[in-house]
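Please look through the model shown here with an eye to the terms used to describe it. Each term should be set against the criterion behind it.

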Amino acid sequence: MNSMTKSLSITIIDDDQSVRESLLDLLEVFGYSVRTFASANEFLESSAIPETNCLLLDISMPGMGGVDLNLELKRREIEIPVVFMTGHAQDAVINEAKKAGTCLFKPFASKELRSAIELAVNP
C-alpha cells in the first residue's frame, strides 16, 4: 500500500447491503477510507460529496441509478472519478457507463477492483 492509497476516500453506492459490506471490508483492507450509501439520493443529501475521491456506483438501483447519479453530479459541476458496477444492466446502460468511466461486472476480483480505482483516480 502506498501513501496515495491511504489518503483516498472511496464512496460505495449500492442498494445491496451485502455488496456494500463486503466492498467496505475489502477496501479498508486495501487502506482506503470508505463510506457507503444505499441510494444515490442518500449520497446527494450527505456531506460526503466533497470528501469523495472515487465513487463505486451500482448501475441498477431503485430510483436514481449510477449513470443518472453521475450525470446529476456533472450537472452540478462536481467532478468525481467513477467506477461503475453491474450484475445485470442492459447494453445501452453499460455503454453509457463505459463512456463515463470503468465498468466492472459483478462478481469481480479484488485485483480488478483495485486496478479500476487506481485507473479512475490516476487516468
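The questions and answers below concern a predicted model and take up its helix α6, a strand pair and the chain as a whole.

Q: How do you know that the length of helix α6 agrees with its number of residues?
A: At 1.5 Å a residue, the 12 residues of α6 (residues 110-121) should span 16 Å, and since the end C-alpha atoms are 17 Å apart, the two values agree.

Q: Which residues of α6 are called buried, and what makes them so?
A: They are L113, A116, I117, A120 and V121, and the term applies because each has under 20% relative accessible area. These residues cover an arc of only 120° around the axis, which puts them on the same side of α6.

Q: Which residues are exposed on the face of α6 turned away from its buried side?
A: That face carries K111 and L119, which are called exposed because their relative accessible area is over 50%.

Q: What do the buried residues of α6 pack against?
A: They pack against α2 (17-30) and against the strands β1 (9-13), β3 (54-58), β4 (82-86) and β5 (102-105).

Q: Why are β1 and β2 called a pair?
A: Pairing requires at least two bridges, and five join β1 to β2 (residues 33-37), so the criterion is met; the two strands run parallel, with I12 opposite T36 in β2. The chain crosses from β1 through α2 to β2 in a right-handed β-α-β crossover.

Q: How many helices and strands are there in the protein chain?
A: The protein chain has six helices and five strands, and buried residues make up 44% of its 123 residues.

How values were computed
Residues are numbered from 1 along each chain as its sequence is written. This is a predicted model: local features need pLDDT of at least 70, side-chain atom pairs count only at pLDDT 80 or more; totals for chains, interfaces and linings use all residues. Side-chain values use heavy atoms; hydrogens and water are left out. Helices (H or I, at least four residues) and strands (E, at least two) are DSSP runs, numbered from the N terminus. The expected span of a helix is 1.5 Å times one less than its number of residues. Buried means under 20% relative accessible area, exposed over 50%, partly exposed in between (1.4 Å probe, protein chains only). The arc is that of the directions from the helix axis to the C-beta atoms. Contact means heavy atoms within 4.5 Å. A crossover is right-handed if, with the strands pointing away from the viewer, the path from the first strand over the helix to the second runs clockwise.
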